[in-house]
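User: I am new to this structure and would like to go through it by question and answer. Please define each term when it first appears.

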Amino acid sequence: MQTTAATTAEEACFEAGIKFGTLYHQFAGTPVSPASASTLEDAIADAIENQPHCEAVSVTVRTDRLETALAEQSAEYTELTGKFLDVTMQIEYNGCRVQTQMTMDGDYPLMEIVAVESPTDDSS
């Protein structure tokens, strides 16, 4: 079995995955309503941007989807899940920039790499 070092692009993508794992699993289940959505967006983005290599985070709580869910229940709030979130992140690691997003793919919150801008010399 041959062992090779991870490329800068691979390490940058790994960093993006860590940020998404933190974002989703830290905030899933948080009580949210249309009135608290913007505050929660800011809190999530601020928390994730604290992590190393994170240049930018944009979080949108889909209040249209919240309102639909709330119309079907008696409570005035619901639990945050991926179906209520649109997220983009930009990660920068040793000159490599990774653009990511999380959107719904059917009934699944899909977290994906959108683009990787690698330095021309990726020997590290």
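User: How many helices and strands does the protein chain have?
Analyst: This is a predicted model, in which local features need pLDDT of at least 70 and side-chain atom pairs count only at pLDDT 80 or more, while totals for chains, interfaces and linings use all residues. Residues are numbered from 1 along each chain as its sequence is written, and side-chain values use heavy atoms, with hydrogens and water left out. Helices (H or I, at least four residues) and strands (E, at least two) are DSSP runs numbered from the N terminus. Along the sequence the pattern reads α-β-α-β-α-β-β-β-β, and the protein chain has three helices and six strands.

User: In what order do the four strands of the open sheet lie?
Analyst: Two strands pair if DSSP finds at least two bridges between them. The pairing in this sheet is antiparallel, and its edge strands, strand 2 (54–61) and strand 6 (108–117), each pair on one side only. The order of the four strands is 2-4-5-6.

User: How many bridges join strand 5 to strand 6?
Analyst: Strand 5 (residues 96–105) also pairs with strand 4 (residues 85–93), in the antiparallel sense and over seven bridges; there Met89 stands opposite Thr100. On the side of strand 6, Met102 stands opposite Met111. The hairpin of strand 5 and strand 6 has two residues between the strands, and Gly106 takes a positive phi near 70°. Strand 5 and strand 6 run antiparallel, and the number of bridges joining them is nine.

User: At about what angle does helix 2 run to strand 2?
Analyst: Axes are lines fitted to C-alpha atoms, for helices over the stretch in contact, with angles from 0 to 180 degrees between N-to-C directions; contact means heavy atoms within 4.5 Å. Helix 1 (residues 8–27) lies across strand 2, strand 4, strand 5 and strand 6, at about 145° to strand 4. Helix 2 (residues 37–49) lies across strand 2 and strand 4, and its angle to strand 2 is about 160°.

User: Which element gives the most residues to the largest nonpolar core?
Analyst: A nonpolar core is a set of buried Ala, Val, Leu, Ile, Met, Phe, Trp, Tyr and Cys residues joined through side-chain atoms within 4.5 Å, where buried means under 20% relative accessible area, exposed over 50% and partly exposed in between (1.4 Å probe, protein chains only). The largest such core has 29 residues, and those with the most contacts inside it are Ile44, Val57, Leu80, Leu85 and Val87. Two or more residues come from each of helix 1, helix 2, strand 2, helix 3 (63–71), strand 4 and strand 5. With seven residues, the element that gives the most is helix 1.

User: Which residues does Leu80 touch, not counting those up to four places away in sequence?
Analyst: Leu80 is among the core residues with the most contacts inside the core. With that sequence limit applied, Leu80 touches Phe27, Ala28, Gly29, Thr30, Val32, Leu40, Ile44 and Leu85.

User: Is Lys19, the partner of Glu15, buried or exposed?
Analyst: A salt bridge is a side-chain nitrogen of Lys or Arg within 4 Å of a carboxyl oxygen of Asp or Glu. Glu15 and Lys19 form one, with the closest N and O atoms 2.6 Å apart; because they are four residues apart in helix 1, about one helical turn separates them. Glu15 is buried, with a relative accessible area of 15%. At 1% relative accessibility, Lys19 counts as buried.

User: Which residues are linked in a network of salt bridges?
Analyst: The side chains of Arg62 and Asp64 meet at 2.9 Å, N to O, and Asp86 forms a salt bridge with Arg62 at 3.3 Å. The latter pair links distant parts of the chain, with Asp86 in strand 4 and Arg62 in the loop between strand 2 and helix 3, 24 residues apart. Arg62 is partly exposed at 22%, as are Asp64 at 38% and Asp86 at 22%. The network consists of Arg62, Asp64 and Asp86.

User: With which side chain does Gln90 make a polar contact of 2.4 Å?
Analyst: A polar contact is a pair of N or O atoms within 3.5 Å; within protein, one must be able to donate a hydrogen and the other to accept it, and residues adjacent in sequence count only if both atoms are side-chain atoms. Gln90, in strand 4, makes one such contact with the side chain of Gln99 at 2.8 Å. The contact of 2.4 Å is with the side chain of Glu55.
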